[in-house]
Structure formats: structure tokens, C-alpha cells
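Please open the structure in your viewer and keep the sequence panel beside it. The tour begins with the whole chain and then moves through a series of selections.

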Amino acid sequence: MAKTVKLLLTESVDSLGIVGDVVGVRLGYARNFLLPRGLATTPSDELIQQLASKRAEAQKQLALLRKQREDMVKKIEGISIELIRSCNDQGILYGGVTQQELATVLTEKGYKVKPREIRINETIKRLGTYDIHVKLDSDLDATLKLKINPDRELDLDEEKPEAAASEHSPAEGAAPAENAEGGEKKARKPRAKAETAQ
């Protein structure tokens with residue numbers, strides 16, 4: 001039994017072809033999806049001729065869509081979008097950023113992009129800036145910048161002692177870090193002597 005079958009598309013089908021195309025598809029796909037929905041039929045010269053005008057109209061629509069996508073790619077290339085997300089004190093997000101979320105943001109800004117046209121190369125789980133790939137067609141793609149900002153001011157208490165130490169050293173005249181370390185060692189030695197004296 002043949003695993004593939006040739007069918008004539010009576011309607012345009014995404015990622016398969018436009019009306020009037022004769023396509024080879026898997027038998028299960030034909031039997032379970034295309035034929036029951038009336039999207040395809042057994043090809044014949046008579047049917048192909050009947051669908052000629054419908055095919056010409058579909059080709060015009062396809063050309064128009066192609067032009068719109070080309071314009072869209074030029075507009076999207078290099079743009080920057082920002083999202084505000086909840087995160088912990090280390091900048092790790094409580095929830096990852098999804099294709100659906102990015103598609104919604106882009107659509108709100110006037111760029112009609114479907115979630116499946118957005119390619120996220122890595123799981124976005126931290127604050128920062130990311131390159132997001134938008135692929136509208138096999139040869140039409142663009143890259144935009146995504147910046148994830150926190151929804152609150154982060155608690156950076158851990159960094160404050162270091163900052164305080166660096167602020168004090170110039171005021172006390174201890175110039176390079178090496179001298180500062182040496183100073184600490186000298187300061188420790190008298191304490192040691194004092195302990196032995198006791």
C-alpha cells in the first residue's frame with residue numbers, strides 16, 4: 001500500500017501549496033485532514049482547468065503577502081522591545097518568556113507576527129538583553145533586540161560591603177589593592193603578638 005498520494009489542492013493550505021497545486025502528501029494526512037475538509041481531491045486535467053482562475057487569484061494574494069512580509073522584515077530588523085518581568089534578587093525570572101508573549105507585544109506595536117514565526121534560540125530565564133529571530137518565510141528573516149527589565153528595584157545588599165570597602169581605601173590613602181592587602185596582613189601580625197604576650 002502506497003505511503004504517499006498525489007492530490008490536487010482545491011484550497012490553499014499553509015506550508016503545503018496554493019489552490020491548483022498537485023502535491024504529494026502522506027496517506028494519513030490526506031485521509032484524515034485534507035480530504036474530509038474538502039481541501040484536496042484526486043487530480044484531473046478538467047479540475048485543474050476549472051481551478052485556473054481561482055489559482056491566479058491565489059497567486060496575486062501570495063504576491064501581495066510576500067510584499068507585505070518583505071516590508072515587515074525591513075521594519076522589524078534592529079528594533080528593540082522591552083518587557084518588565086518579576087524576578088528574584090539574582091535576576092532570575094519567575095516565568096520564562098514565550099513566543100506567544102512576544103508575538104502579542106509585536107502585534108500591539110503594529111507588527112503582525114505569528115508565534116510560530118518567532119524563533120527563541122535560548123530559554124529566556126534571566127534579566128538582560130537577547131537577540132530574537134523572526135522568520136516570516138524561508139528567505140525572509142529579521143533580528144530584533146529584547147530587553148528584560150525587573151518589575152522592582154533589585155536588592156543589591158551583597159554588593160554594598162565591597163563598594164564601601166573600595167570607597168574607604170582612597171580616602172585613607174591606600175592606593176593600589178596590593179598595598180591594601182599588605183596593610184591588612186601587617187594589621188593582623190601585631191594582634192597575633194598581643195595574643196602570645198597574654
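With the whole chain of this predicted model on display, begin with its contacts: among those between residues at least 6 apart in sequence, 53% join residues at least 24 apart. The chain has 198 residues, of which 24% count as buried, and it exposes about 14000 Å², with carbon and sulfur atoms supplying 51% of that area. Colouring by secondary structure should bring out 6 helices and 7 strands, which follow one another along the sequence in the pattern β-β-α-β-α-α-β-α-β-β-β-α-α.

**First selection: the sheet of three strands**

Select residues 4-9, which form strand 1, together with strand 2 (22-26) and strand 3 (40-41). These belong to an open sheet of 3 strands in the order 2-1-3, with antiparallel pairing. Strand 2 and strand 3 stand at the edges, and because each has a single partner strand, one side of each is left without a neighbour in the sheet. Between strand 1 and strand 2 the antiparallel pairing extends over 5 bridges, and to place one of them in the viewer you can pick Thr4, whose bridge partner in strand 2 is Arg26.

Now add residues 27-34, which make up helix 1. This helix lies across strand 1, strand 2 and strand 3, and it runs at about 100° to strand 2.

**Second selection: Arg66 and Asp139**

Next, turn to the charged side chains, where the count comes to 12 salt bridges. Show Arg66 and Asp139 as sticks: they form a salt bridge in which the closest N and O atoms are 2.9 Å apart. The pair links distant parts of the chain, since Arg66 sits in helix 3 (residues 52-76) while Asp139 lies in the loop between strand 6 (128-137) and strand 7 (140-150), 73 residues apart. With a relative accessible area of 27%, Arg66 is partly exposed.

**Third selection: Glu117 and its surroundings**

Keep helix 3 in view and add Glu117, which forms a salt bridge with Arg69, the closest N and O atoms being 3.7 Å apart. This pair also links distant parts of the chain, with Arg69 in helix 3 and Glu117 in the loop between helix 4 and strand 5, 48 residues apart. For orientation, helix 4 spans 99-108 and strand 5 spans 118-119.

Is Glu117 buried or exposed? Its relative accessibility is 5%, so Glu117 counts as buried. Leaving aside residues up to four places away in sequence, Glu117 touches Arg69, Lys112, His133, Val134, Lys135 and Leu136, and selecting these six names shows what surrounds the side chain and backbone of this residue.

**Fourth selection: Arg85 and Glu101**

Move on to Arg85 and Glu101, which form a salt bridge with the closest N and O atoms 2.9 Å apart. Arg85 belongs to strand 4 (residues 80-85) and Glu101 to helix 4, so that the two partners are 16 residues apart. Arg85 counts as buried at 16% relative accessibility, whereas Glu101, at 24%, counts as partly exposed.

**Last selection: the network**

Finally, select Arg66, Arg69, Glu70, Glu117, Asp137 and Asp139 together, as salt bridges that share partners join these residues into one network.

Technical notes. Residues numbered from 1 in each chain as written. Predicted model: local features only at pLDDT ≥ 70, side-chain atom pairs only at ≥ 80, totals over all residues. Heavy atoms only, no water. Helix = DSSP H or I, 4+ residues; strand = E, 2+ residues; numbered from the N terminus. Buried < 20%, exposed > 50% of the residue type's maximum accessible area, 1.4 Å probe, protein only. Contact = heavy atoms within 4.5 Å. Salt bridge = Lys/Arg side-chain N within 4 Å of Asp/Glu carboxyl O. Pairing = 2+ DSSP bridges. Axes fitted to C-alpha atoms, helices over the stretch in contact; angles between N-to-C directions. Areas by Shrake-Rupley, 256 points an atom, 1.4 Å probe, with all protein chains shown as cover.
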